[in-house]
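Load the model in your viewer and set it to cartoon. This tour makes two stops.

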Amino acid sequence: MVDGVRRAWVAVVLVAVAAVGVLAVLAFRPPAPVADAPPGEFAAGRAERHLAEIAQRPHPIGSADNQRVRGYIADTARSLGADVVVESGDVVRPWRGVARVATAHNVVARVPGTDPGVSGGKALLLVAHYDSVPTGPGAADDGAAVAAMLETLRALTTTPVRNDVVFLFTDGEEVGTLGAEAYVRRHGVSGIGAVLNWEARGSGGPVWMFQTGPDNAALVSAFGEASSRPIANSLAFEVYRRMPNYSDFTVFLEAGARGLDSAFIEHVRDYHSTYDDLARLDRGSVQHHGETMVGLVRALGDRDLRVADGDAVYFDVFSRVLVRYPVPLAEVLAALTVTALAWLLVRNVRSGRLRPRAVGAVAGVAVGAVLTAGAVSFGVWALVAWARPELAFLALSEPYERGWFVAGFCALGLAVLFTAVRVLRRWTSAEVVAGVLVVTAALLVVATLAAPGTGFLFQWPLLVGLPAVWATRFAALPPLVAAAIYPPLVGTMTVALGLPLVAVAVVFAVLAGVLLLPVLGALPRPGTTATAVALVAVALIAVGTARVGFGPTEQRPNSLIYLLDTETGRADWLSADPAPDAWTSRVLGDSPERVTLTDRHPMLDEPLMRADAPALTLPAPTATVLSSTDGDVRTVTLQISPTANAWRTQVTLSDRGVRVCRHNFTELHATTLEFYGPANRKVTCELDPGTPLDVTLTDHWIGLPAEAASLIGPRPPDTMPVQSGNRPYDAALVRAAFRF
């Protein structure tokens, strides 16, 4: 009878935990789009009209379509009553050993406040970039944010706020945050009270605020008030700031500004691709962008933006409530909670209810379960990648039918938990509870000291779990709290990091699952259950692996580059794809040569497949001497002239005897330069006397020219062009060499 009651209790707890987790996941989605709304509110339907103009074609920096989009933004902002200036200027920015040079054109639209003195004249700055990558029309990245900002600007003019609000539409973010760099160099950040940056890495999903700057407490609080779905957590901030990723916000942050960075990130296969278009874009994501923008402008527009009250720990619950509190309070709360646990453990040890060695053993099993789940998941994915090498064709090796794998790896983590339950049956329920809470407390201490923003993951399950040290009937409380916090976070990890790093998400899932160990201990035959769940996991992952493939709706990304070297007269077909496919093998063959050309072509920094190509007659870039003087220093000024087809021109200067090179008086701290756009550029170099200057120019054309495309024929319907940023995409490279 007692066993029956316990099992019924366990069943109720498991159903409750599952229900909370499912609700948390279901709540993690954008709001429904609104076709129309009152003048002071945001409507995705109105923003979509802007998107239809912006996302017609790719519009990278320096292109004619970039100019078209810029004109539309400036004209629209003026028609809405903003004070608009197009700020143009050359930017030279070091980027991974290359000096990138471009003329960036930022659109700056200011809506004057009714009382800007409330913040000492500091403005609220909203930022989105209007340039796209060369491979996609940029409906999501970053057209959705640009359109939402225009609609937010319209809503703001109906009900002004006290602070000035500046809408900054930057150019050149995709090639190294050039527009943001230009703005900061021109204006600095002293006139900015807060920066709100908006991005996308995919074509859908809810908008979540993933990064903040220093003294973020007031801004995080405003974010919590601004949106009907304020999705954010300080774990994302702690992780992102340790990663090499960047956005325009990075430039402002490094310059000392405060602010928030937000994005939607689902459906990564559309990111930077030809499918980043209006048809694929989730209108709910646009609505979430805009609702949050308008809400933040209202929340911050009337406040003193100079107020800085420290950093916050924050996380959302059911995507509806943003819990936030100061870091010092988090530190005090952690200390009190850990101290309370220690006191309870000592009391129970003295009473004979707990054995210290048993508690330590349970803690060891719990840690072992987490590590084992991570290691097994890493190994299983390695097997999947080995069995299906074609996954390497996909961005982040992300399979189209990822649901099989997500379910399989979740089951894998659950199997490890049931195995741990089997091991823990030799100890009492009280000792299992104590051991699990000891692990949670240790993690809380480490998190609070090393990365305070992550402490909430352990603080609240531990705090509500303290009564369970006295009475194990309260052991259900920690997993219930974890079920409200962890599932959306773990799901976001699988999206943000990709399935090749699914082991990280599994580790966090099992960290939450460990809190269930005291409850699962009441189930019969946990070893048999572990075996059954493991078999289900294997079956799910096996089905997912078997279904990996390509077709008209699940296309294989591939690429071809046509390289013409006018110095040698040689032409090559190149591809950085993992292997030839039915399309690329038409010119590469089935077993192409494998080469690395970085020494001669710095633009090609990956191992490549190569095959001979016919030499076509294509125009080449030129370098001409404008002036040359000899003396103690030889000074040569060159004009670099790309062809009309060039989007980017890479310039490689010999470093032999070169003292310094400049572009428009800006010193170039690199011998490899990248110029964007077809405009002529001047470079002046100072050399040792009598030293020749060797110059190599390579024009980069977006896409294969018609002459080259005709040699291979159209792409089959089961393929698509590679996304920008994944590996080199379709292009023509025309190289010319000069000595002066």
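Which element gives the most to the lining of the largest cavity? The model is predicted, so keep that in mind as you select.

**Stop one: the cavity**

Helix H16 gives the most, with four residues in the lining. Select residues 477-497 to show H16. Then add strand E7 (231-232) and strand E9 (312-317). Each of these three elements gives two or more residues to the lining.

Now show side chains. Start with Ile 485, Pro 488, Leu 489 and Thr 492, which are among the lining residues. Add Ile 231, Ala 232 and Asn 233, then Phe 315 and Asp 316. Finish the lining with Phe 28, Trp 208 and Phe 456.

Color by class. Nine lining residues are nonpolar, two are polar and one is charged. The space inside is about 120 Å³. Five cavities of 30 Å³ or more occur in the structure, and this is the largest.

**Stop two: a helix pair**

Select residues 139-158 for helix H4 and 283-301 for helix H9. Their axes lie 9 Å apart, at an angle of about 40°. That angle makes H4 oblique to H9. The crossing is right-handed.

Show the contact side by side. From H4, pick Ala 144, Ala 145, Ala 148, Met 149, Thr 152, Ala 155, Leu 156 and Thr 158. From H9, pick Val 286, His 289, Gly 290, Met 293, Val 294, Val 297 and Arg 298. Color by class again: the contact has ten nonpolar residues, four polar and one charged.

Key: Residues are numbered from 1 along each chain as its sequence is written. This is a predicted model: local features need pLDDT of at least 70, side-chain atom pairs count only at pLDDT 80 or more; totals for chains, interfaces and linings use all residues. Side-chain values use heavy atoms; hydrogens and water are left out. Axes are lines fitted to C-alpha atoms, for helices over the stretch in contact, and angles run from 0 to 180 degrees between N-to-C directions. Angles under 35 degrees count as roughly parallel, over 145 as roughly antiparallel, 65 to 115 as roughly perpendicular and the rest as oblique. A crossing is left-handed if the near helix is turned anticlockwise from the far one by less than a right angle, and right-handed if clockwise. Contact means heavy atoms within 4.5 Å. Ala, Val, Leu, Ile, Met, Phe, Trp, Tyr, Cys and Pro count as nonpolar, Asp, Glu, Lys and Arg as charged, and the others, Gly among them, as polar. On a 1 Å grid over the protein atoms alone, a cavity is a set of points where a 1.4 Å probe fits but cannot get out, and a pocket is an open set with protein on both sides within 12 Å along at least five of seven lines; lining residues have an atom within 4 Å of a point. Grid points are joined across faces, edges and corners, and a volume is the space filled by probe spheres set on the points.
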